[in-house]
Structure formats: structure tokens, C-alpha cells
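Visitor: I'd like a close look at one part of this model, with enough of the surroundings to place it. Could you walk me through a single buried lysine and then work outward?

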Amino acid sequence: MSIRGKLVLGFIVVAAIAAGIGTLGVVNINKLADAAEFAYGNQTMPIAQLVTIAQSFQRQRINVRDMFEAKNEAERLAAQKTINELGEAIVKAVDKYKSTMTPGKGKELFEAARKARVEFRAKRQQDIDLAMAGKLAEGMALVEGKGKAAALAYQAALDDLVVYKEKRA
């Protein structure tokens, strides 16, 4: 084989190697982009939903107390309306959060938070019923006792979810 043929063959081999390296690079960059998109959509973005849930939950607690401090029924009804609106915001955020869940510890933590939320909602509804019935002392005792315990358990479960998501984001 002549030198000219060897040079052409050498350039073809180098070009084939470069094409292989380029193809491998493009494939791996696409895999990396897919993994980054998955992490953002399923780990980072759900943190915003958790923030909405936590903020709305705390605002509900404030509005329950506002019901007991209300000077008249109109103020109690306004606080109750706000509590209901915040509850709707929580439900929407929970639904968005659930759509991004992946199997594993995150689902376990979410289930724990859901159970704590059910308990908190039951106590919150008792508080609302007592406030609307004018049983202020009995209601405040519930708010400061079992209601507070349920709220703290719910907050702890939400905190666990946030820490989990932050570590995975």
C-alpha cells in the first residue's frame, strides 16, 4: 500500500474514532439532560408544593385562633371562609405533589404526613365547630391541647418531607 493510501486510511480511521467519540458524547449529554430534568421535576419543584402546604397549614392555625378571638359571628365566618380557601390550596398542592412522587422513602414520608394531616383536620374541624357554637373556652383548650399536638405532628411530618426533598434535589 502506498503512503497516499496509508494517509487516507489513517484519516478515515481518525475520523471514525472522532465520530464515535462525538456520538458517545451526544448520547451521554442527552442522558444527563434527561436525568437533570427528572431531578428538577420530581425532586426540586415539589419543594414549592411543600412550602404551599406548610404555609397554608400554618395560616389555617392562625385563622382558627382568630375565630376564637372574633368579636362577632361575621368575623368568625370570615375566618372560617379563609380556612376553607386555604384547605383548597392545600388539596391542590397535595395533588400536584403526588403527581411527582417516585417509589421509595418519599412515599413513606408522604403517607406519614397524610395521616398526620387527617388527624390535624379532625381537630381543626372540632375547633371550628366549637367556635361557631360559641364554646370559646372549650375550643381554646382543644387548640392548646390536642389540637396543638396534632399540628406539631403534622408540621414535623412536613419538615421530614422537606428535608428528604432537599437532600435529593
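Guide: Happy to. The residue to start from is Lys123, which sits in helix α3, residues 105-132. Please keep in mind throughout that this is a predicted model. Lys123 has a relative accessibility of 14%, and it counts as buried because that value is under the 20% cut-off. What does Lys123 touch once its neighbours within four places in sequence are set aside? The contacts are Leu142, Lys146, Gly147 and Ala150.

The helix that carries Lys123 is regular in length: α3 has 28 residues, and its first and last C-alpha atoms are 40 Å apart, close to the 40 Å expected at 1.5 Å a residue. Just after α3, Gly134 adopts a positive phi of about 80°.

Next comes helix α4, which covers residues 136-168. One of the contacts of Lys123, Gly147, is also the place where α4 bends by about 45°. How does the span of α4 compare with what 1.5 Å a residue would give? Its 33 residues should span 48 Å, and the end C-alpha atoms are 44 Å apart, which agrees.

For comparison, let us turn to helix α1, residues 3-69, and to Asn63 within it. Asn63 has a relative accessible area of 10%, so it is buried by the 20% cut-off. A polar atom of the Asn63 side chain lies 2.8 Å from the backbone oxygen of Arg59. Setting aside neighbours within four places in sequence, Asn63 is in contact with Ala79, Thr82, Ile83 and Leu86. As background, an α-helix has 3.6 residues a turn, so residues three or four places apart point the same way.

Two further residues of α1 help to fill in the picture. Gln43 belongs to this helix and is buried, with a relative accessible area of 3%. Its C-alpha atom is separated by 12 Å from that of Lys98, although the two residues are 55 apart along the chain. Is Leu24, also in helix α1, buried or exposed? Leu24 is exposed, because its relative accessible area of 53% is over the 50% cut-off. From Leu24 to Tyr164 the C-alpha distance is 34 Å, with their positions 140 residues apart in sequence.

Now for the whole chain. It holds four helices and zero strands, in the order α-α-α-α along the sequence. The C-alpha trace spans about 105 × 30 × 15 Å along its principal axes. The radius of gyration is 28 Å, whereas a compact globule of 169 residues would have one near 15 Å. Of those 169 residues, 32% count as buried, and Lys123 is one of the buried residues. Among contacts between residues at least 6 apart in sequence, 77% join residues at least 24 apart.

Finally, a word on confidence. The mean pLDDT of the chain is 91, and 99% of the residues score at least 70. Confidence is lowest in α1, with a mean of 90, and highest in helix α2, residues 73-98, with 94.

Technical notes: Residues numbered from 1 in each chain as written. Heavy atoms only, no water. Helix = DSSP H or I, 4+ residues; strand = E, 2+ residues; numbered from the N terminus. Expected span 1.5 Å × (residues − 1). Bend = angle between axes of the 7 residues up to and from the residue. Buried < 20%, exposed > 50% of the residue type's maximum accessible area, 1.4 Å probe, protein only. Polar contact = N/O pair within 3.5 Å; in protein donor to acceptor, adjacent residues only side chain to side chain. Contact = heavy atoms within 4.5 Å. pLDDT = per-residue confidence, 0-100. Rg over C-alpha atoms; globule rule 2.2 N^0.38 Å.
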